Amino acid sequence: KMAGDRNGHADDDEGETVLSSSTAGNEAGKPVEQHPPVWMVHAALVLAQVIFGGGSVVGKLGIDKFNPILFAFIREGSAGPILCIFAYLKDRVLPNPKHIWWFFWTGLFIFSNQLCFIVGIKLSNAVVGSAWQPSQAVMVTAIAIAIGREKATSFKILGILLAFGGAAFIVFYGAHMKAGSAELAGNILYFFNCLGTALYVICAKPIMKHYPSMSVTGWSYIMASVMMAVACLAANNISPVYNFICDDCPPGSKWHVPMNAVYALLYWILLTSVGAYLLMTWGNKYADASLVLAYTPLQPATSAIVSAILIAAGFKGKLREPGLNILGVIGIFIGLAFVVYDNRKTQNEKGTKYLQVRTLGEKKDVAINNVLHDSKGQESSSVGDFDDDNRNI
């Protein structure tokens with residue numbers, strides 16, 4: 001049931017790539033797994049990033065006069081059980097008690113990711129928050145190099161420097177920020193939001209050898225929701241903290257959920273946490289990691305377009321157009337491109353086994369390290385399984 005179980009061969013034709021579930025399965029007469037059309041894989045990955053990008057704007061509007069930590073608690077407390085139910089119905093797997101501490105750490109990093117992002121968009125600009133998100137992949141690479149999981153190359157080092165330079169430009173250029181300002185605090189929180197995601201990706205890899213990815217995410221969300229409940233209780237009982245993160249909240253509304261937040265919560269629970277995640281998981285099954293990462297710049301683009309449309313239509317709320325500091329996203333994009341290029345180059349040089357889906361209209365190909373079937377019909381190497389030691393996410 002894990003990704004590594006998808007062994008088999010590939011036939012390249014005009015319309016689709018066909019993968020067999022396994023040689024043994026073929027010998028037993030089992031039907032082969034049909035690879036979906038290329039456009040469908042691209043569409044799933046694009047739609048997932050568009051949903052994420054729109055979530056920044058929807059979240060900004062939803063937390064107007066609303067406690068952002070309570071928003072995050074409701075979101076995680078609802079999304080976690082939904083993902084766990086889906087995962088159990090699909091894989092029939094429950095956590096082993098000895099792995100609870102591992103889920104504690106993955107939950108901690110999801111908690112920090114979600115807390116920092118939702119409070120960040122409360123204090124700062126939603127488009128700027130989306131512009132930070134492509135830096136997550138670069139942070140994963142930087143941490144992997146620091147702990148010896150990946151080899152430092154000139155492209156990776158240059159990509160990391162460009163991405164962090166772009167992030168610094170977003171934070172500091174023309175923002176007129178001073179110590180204690182909401183804008184400065186928001187950008188600092190965006191940094192830790194992306195760092196939390198990077199640490200989650202690295203920490204979740206070992207546990208994914210024992211559980212499907214959906215189960216790991218679902219149980220991590222549940223752990224994170226417990227931590228978010230503690231954070232919500234603490235913030236609501238520490239007046240300086242509450243007044244800083246929710247200075248527009250009416251008196252006596254610490255636990256109140258306004259109607260404008262209900263629609264935003266539905267969007268974040270059903271579309272962002274469940275829908276976009278399932279799209280990413282499905283797309284990741286058929287596309288190599290670098291293609292998945294290549295679409296992350298759609299998040300700030302979507303946020304900027306949606307914000308501009310709403311502002312032009314007069315539905316502004318607390319939305320505001322970003323300043324020139326948004327140009328720092330160019331550095332993040334170029335840095336990400338360098339990291340993606342280096343990863344793909346490394347995969348090609350090492351003969352890493354992956355299913356590569358190229359740009360729309362191009363011929364699809366499957367890069368395979370070994371001969372799929374020998375003359376004796378022995379079981380072939382895995383096609384669908386991505387090499388965890390040579391990919392970032």
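**Exercise 1. Place Ser 215 in its surroundings: which residues does Ser 215 touch, beyond those up to four places away in sequence?**

Solution.
- Ser 215 touches Ala 87, Val 93 and Phe 103, with residues up to four places away in sequence not counted. Contact means heavy atoms within 4.5 Å.
- This is a predicted model, in which local features need pLDDT of at least 70, side-chain atom pairs count only at pLDDT 80 or more, and totals for chains, interfaces and linings use all residues. Residues are numbered from 1 along each chain as its sequence is written, and side-chain values use heavy atoms, leaving out hydrogens and water.
- Ser 215 is found in helix α9 (residues 213-237). Helices are DSSP runs (H or I, at least four residues), numbered from the N terminus.
- Ser 215 counts as buried because its relative accessibility is 2%. The cut-offs: buried is under 20% relative accessible area, exposed over 50%, partly exposed in between (1.4 Å probe, protein chains only).

**Exercise 2. Find the disulfide: which cysteines does it join?**

Solution.
- Apply the rule: a pair of cysteine sulfur atoms within 2.5 Å. The count comes to 1 disulfide.
- Cys 246 is joined to Cys 249, S to S 1.3 Å.
- Check burial. Both Cys 246 and Cys 249 are buried.

**Exercise 3. Classify the ring pair of Trp 101 and Phe 104: stacked or edge-to-face?**

Solution.
- Recall the rule. Rings of Phe, Tyr and Trp (its six-membered ring) pair if their centres lie within 6.5 Å; planes under 30 degrees apart are stacked, over 60 edge-to-face, the rest tilted.
- The whole structure holds 11 aromatic pairs. In one of them, the ring centres of Trp 101 and Phe 104 are 5.5 Å apart and the planes are at 70°, so this pair is edge-to-face.
- Both residues lie in helix α4 (residues 100-123), 3 residues apart, about one turn of the helix.
- Trp 101 is exposed, at 62% relative accessibility. Phe 104 is partly exposed, at 29%.

**Exercise 4. Repeat for Trp 132 and Phe 191: how many residues apart in sequence are the parts this pair ties together?**

Solution.
- The ring centres of Trp 132 and Phe 191 are 6.4 Å apart and the planes at 80°, so the pair is edge-to-face.
- Trp 132 lies in helix α5 (residues 126-132) and Phe 191 in helix α8 (residues 182-207), so the pair ties together parts 59 residues apart in sequence.
- Trp 132 is buried, at 3% relative accessibility. Phe 191 is partly exposed, with a relative accessible area of 28%.

How values were computed
Helices (H or I, at least four residues) and strands (E, at least two) are DSSP runs, numbered from the N terminus.
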